[in-house]
Amino acid sequence: MDIFLQQLVNGLTLGSVYAIVALGYTMVYGIVQLINFAHGEVVMIGAMVAYTVISMLAATHLPPLAIVTIATLAAIPVCMTVGYLLERVAYRPLRRAPRLAPLITAIGLSIILQNLALLIWSRAPLPYPQVITTVSYSLTSHPNGATITNVQVAILVMSALMMTGLMLLIYRTKLGVAMRATAQNQSVAGLMGIDINRVIAITFAIGAGLAAVAGVMVGSYYGVAHYQMGFILGLKAFSAAVLGGIGNMAGAMLGGLLLGIIEALGAGYVGDLTNLCQLSHWFGAIAERCQTNPNLALFGSNYQDVFAFLVLIAVLVFRPSGLLGERVADRA
Amino acid sequence: MNVPQKLGLSLVAAALVTAYGCGKEEPKQAAAPAAAPATAAAPAAVTVTIGSAGPLTGGIAHLGKDNDNGVRLAIDQANEKHPKIGGKDVKFVVESEDDQADPKLGPTIAQKFADAKVSGVVGHLNSGVTIPASAVYNQAGIPMISGSATNPKLTEQGFKNIFRVVARDDQQGPAVAQYLESLKVKKVAIADDATAYGEGLANEVEKTLTAAGIKVVAREKTTDKATDFKAILTKMKGTAPDAVFYGGMDATGGPMLKQARELGIKAVFSFGDGACTAEMSKLAGTAAEGMVCSQAGLPVAAASKSFVTAFNAKYGEIQQYAPYTYDAANLLIAAMQKADSTDPAKYLPSLQSISFDGATGHIEFDDKGDRKNAEVTIFTLKDGKVVPVAVVKGGKAQSFDDFMKVADASAAPAPAAPAMAAPAPEPKK
Amino acid sequence: MTALLNLNRRRDPRLAWAGLAVMAIALLVLPFALAGIGTAWVRITNLAILYCFLALGLNIVVGFAGLLDLGYIAFYAVGAYVYALLASPHFNVHLPFWVILPIGAAFACLFGVLLGTPTLKLRGDYLAIVTLGFGEIIRIFLNNLSQPVNITNGAQGVYMIDPFRIGSFSFAKPEVIAGLSFSGPVKYYYILLAFLVASIVINLRLQDSRIGRAWEAIREDEVAARAMGINTRNMKLLAFAMGASFGGIAGGMFSAIQGFISPESFILVESIMVLSMVVLGGMGNVFGVVLGALLLSYIPEVLRYTVGPVQRAMFGRTLIDPEVIRMLLFGFALVLMMLFRPAGIWPSALRKRELESKAA
C-alpha cells in the first residue's frame, strides 16, 4: 500500500507538469488547429534560462524562495518572446497553407531550438543548483513509508494555482472572450472587431509562459536540465492533451494528471502484472527459468515510454474527441 | 513535363557535379594522410601512420578527443626517442578521423584508414561503431586496438587483428558484483539504461550475483535520456535492497542517485565506469558521497604517474579513456619495434604475444585479443572526488592499500587520489 | 526511366537517348573514379544511394498520398532486423539474400498495414504524431525483445550478418573480374544502383498510373476523391504498404552492408533526416527526392572537411561542431523551404501549383 501511495504521489507530480505543458498545446490547437511541435522546446528553454539565473544567484545570500521566484520571472518573458516569435515568423505566414506545411515547419523549429540551446548551454546535462533543500514528509504513520517532498508539494500547488488562473482568464475576462470567439470562428470574430492576429499571438505567448513555469518545475524537481529534455516531454504532454480532448482546457488538465499516474503505475506494476513466473504452475519450462530469475516478466519498466504512445493511439482510434472533448471526429 | 531534355541533361550535369565535387576532395584526401606507406623511402625518415578514430564531434566528443589525445601523447613520446625500425629512422604520425559515434559511419572511417594504408588503428570509442568497423579492418589486415569498446562481441568475431585494452563487460561486471559480495549484501536491486553498454554490464552483474547466491530482488530499466526515475526507484524501495547497481552513464546515474535518496532509499549505490566520474557529485550533490564504482585496469596514478603528469601538462585533465588509448598506441609501436617491421602482416604476431607494462598496468592479450587477467579497480566518491578503495583481480577483492603494499615497489609513491576529470557525460558505447 | 523516355520521344528522341547513355556510362564508371580517390567514397556513395531508396519510399507516402509519416525509419528497422535474424549466427539461420529481401519487404509491408489500419481516419497532424509514436514503439520493442525470449538480442544488436552472396560470389570480398578489380563496396554499388534504378522506374510508373492519380486526388481533397468513387481506405493502405516495403528492402541492404545492427541506428533523427530529404528535394517529384537525398547525404561529408578546418583556421579552434551545423541546416531547410519554396528545390509541377495557390 505504501508503494502504491508513493507511486500515486510520483504520478500526480509528473502529471501536473504534463498538465501545464498540455494546456499550451490545447490552447494553441483550440485556436488555430495547429500542433505546435516546438512547444516542448519552449519548456526546455524555460528550464535552461532558470538554470542560468539560479546559478548566478546561488552564491548570493538571497532566500532560496526568492532565487527560484526571480529565476521563474526571468524565464517567463524569455519563453513568451520565443513563443511569440515562433508564431510570428514561422506559423502566421502558413496559416492558410496545407496542413503539412506548418507541421514540417514545427519539426524544423524544434531542431533549430534544440541546437541553439546546445550552442548556448553546452550539451552536458546541467545540474540544477540545490538552493532549496529537499525535505521529505512522511505520509504514513510508520517510518520509511511513502513520502512527499516540499518540492512536490510546491509543484502541485503551483499547477493548481496556474490552472485556476488560466480558467479565470478565459472565462472571466474580455481577452478570454476574444480567444474563445476566435477559436470558434476566426472570420466572424474578425468581423466583430477582434484583432485575430493579436489574439493568436497572445495565446502563443500565454502557452509559452506556462511552459516556462513547467520548465522550472521539471528542472528543480529532477535536478537536471538538458537541451534534449523538451522533445519527449512535449510529446507526452501532447498525448495528455489528446487524452483529455484537444482544444479543451479541463481535458488537458485531466489528461495530464491521468497520464502521469498511468506512467508511474505502469512502470511500477507492469512487471508484476506480466510476471511469467505466475504461470510456473502450468509450464515446466517457465518454472525452470524462474528458479534462477524470479523477475522473469513479459514486460517491465523498459516499456515506460511506450505507455504514453499507446494511450495516444488508443484514444485517437477509439475516441478521437478525447475524454472531455466534444469536437467533431473529423478534426482528428 | 515539357522540358524533358533539360531534365535528362541536368541529371547528367548533376552526376558530373557529384563526380567533380568528389574530385575536389581529392587534394584534401591525398593531403590528409601525409604519410606515404613505409615503402616510400623518404630521405629523412620513413613516416608510419597510425589511425585514431572516435567521435570528435557530437554528444560524446569530449571522450573522443580524450581518446585522441591519449594516442597523440604516445606518438609524440615515441618520436622523441628517434625510433628505428628495419634499420631506418621512422617518424610516427597520427591521422584522426571523426566517426560521430554513428554506427553507419564506422565502416566508412575504417575504409578511409584502409585507403590511406595506415599501419595500425587505435579506436573506436563506442562498441556499436567498433563492431561494424572491425570487419573492414579485418579485411584490410590492419591491426586495431580499442581503448574503450567493452562489448564482448567485438572480439568474439574471430578476427585475428582486433584487440582491446579495456575490460570487457563480462570482466568488469563480475568485478563489481564480487566487490558487492565482499560487502556482505544480501539483496540487490539492478537497473540499466537499456543501452548496449548499460544493459551488458548490468546483465553480467546480475549473473555473478545470482551465482554467488545473492538475491536480485528487482531488475528495472530506464533509458539514457530519462530524467524521472522515481517510478522504478519506488518499486525498488518496496523490495528493501541492501545495494543497488545501475548500468549507465553519469548523466542518468547522478539524477537517479539524488532521487533515490529523496525517496529514502538507503542502499549502497554502485555503478560501472560510465558513471565513475566526479560529475556524479555535481549531478547528485551530497547524495553521491559513498557511492561505489568501477574502472578497468589500475588507477593511472598507481600504474604510471609519469603518464598523468605528461598528459596533464599537455592536454589538461584526463576525461576517461585516454590512459587506455595511450597504452593502445604504445602497444602498436612496441609490437612494430619488436617485429622490426611496420608491415601489419609482419608485426601482428608480435602484437598478439606482447607483454607490456603500460599506464593502466600490465598488458597481455589472450587468443581472442582481450586483455588477459585484467584488474578492475573499485572506487568510491569521497569529498566530491573518486578515490580507489579496492582492486579486484582473479575474482578476489582486495583493499586498495593492501594491493599497493604488495604491488611493484616501483609504484611506491602512495597514489594521491587520481582525480578523474569530470567528463560532461552522455551515453557511450 | 521508361516513363521519362515515353515523354521524351515526343520531343527529340535522339537527344534524350544520348543524354541517358551519357548518364548511364557516367554512373557505371563512377565507382572506379571514386575508388581512385579512396574506396571510402564508394562507401559514402553507397549510403547515399540507400538514402535515395529510402527517400523514394517515403515519397510514396508523403509526396504521392500526402500522409505525413514521421516514423518511417521503423520499416527500415523491420527490414534490417528481418535480414539480420535470417542471415546471421544469432538464430544460426543463413538464408540467401534474394529470399530474405522479399520476406523483409513483406514484413515491413505488414507493419505498414498494421500502422495504417487504425490510423486511416486520422488526418495530417494527428497522423504525424501517431506515426512518430509508432516509430518509437518499434524501436523500444527492438531494444527490449531480448527478454523473456531473446528475439532481437536487445540493445546489444545482431552481429556477423551475412553479406549478399550468390553461390560463391560474395559481395563483401574484393575480386578481379575481366582485369578490373572490384572491391566489396564497388560490388555493392552496382547492386544498389540496380535497385535504385528499379525503384525510380517503379515510382515513375506509379505516379502516372491509376493508383498514382488516385493518391493525388486523395492528397488534394479526400472527400472529393471519395465522391469520385475512389476507395480512399484501400488507396491509403496501399500507400503505407508500398512505402513500408521500400523501407524494408532498404533495411535489408543496410543490414548486409553493415554486418552489424543495433537499435541505435533507427532513432527518430533518422526519420526526420529522410523526411528532410523528401521535403528539400520536392515532395512528389521522384527526381527532386533523389536530388534531396544525395544533397543531404553528401553535406555531412563535405562539412567534415570544410567546417572544422575553416573554423580552426579562423578562430584557432572549432567553435561549432559540424554535426550541430548539419542539424541546424536540416532545421532551417525544413522551415525555409516551407516558408519560401514549399514545393521543394525541384518541385513536381502539380504539387507546385497546389502548394503555391493555397499558400497565397
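The expected span of a helix is 1.5 Å times one less than its number of residues, and that rule is useful at the first stop of this tour through a predicted model.

Begin by selecting residues 124-144 of chain C, which form helix α6. This helix has 21 residues and reaches 30 Å from its first C-alpha to its last, close to the 30 Å expected at 1.5 Å a residue. If you then display the surroundings of α6(C), you will find that 17 of its 21 residues are buried, so the helix is largely enclosed by the rest of the structure.

Next, keep chain C in view and select helix α11, residues 268-281, together with helix α13, residues 322-340. The axes of these two helices lie 10 Å apart and the helices pack at an angle of about 40 degrees; α11(C) and α13(C) are therefore oblique to each other, and α11(C) passes α13(C) in a left-handed crossing. To see what fills this contact, show the side chains of Met273(C), Ser276(C), Val279(C) and Leu280(C) in α11(C), which meet Phe330(C), Ala333(C), Leu334(C) and Met337(C) in α13(C). By class, the residues of this contact divide into seven nonpolar, one polar and no charged.

Finally, turn to where chain A touches chain C, a contact that takes 36 residues from chain A and 34 residues from chain C. On the chain A side, select α4 (100-121) and α12 (304-318), each of which supplies at least two residues; the largest share, 13 residues, comes from α4(A). Coloured by residue class, this side of chain A divides into 29 nonpolar, four polar and three charged residues.

Conventions: Residues numbered from 1 in each chain as written. Chains lettered and ligands numbered in written order. Predicted model: local features only at pLDDT ≥ 70, side-chain atom pairs only at ≥ 80, totals over all residues. Contact = placed C-beta atoms within 7 Å. Helix = DSSP H or I, 4+ residues; strand = E, 2+ residues; numbered from the N terminus. Nonpolar A, V, L, I, M, F, W, Y, C, P; charged D, E, K, R; others polar. Axes fitted to C-alpha atoms, helices over the stretch in contact; angles between N-to-C directions. Parallel < 35°, antiparallel > 145°, perpendicular 65-115°, else oblique. Left-handed = near helix turned anticlockwise from the far one by under 90°. Buried ≥ 20, exposed ≤ 12 C-beta atoms within 10 Å, placed from the backbone.
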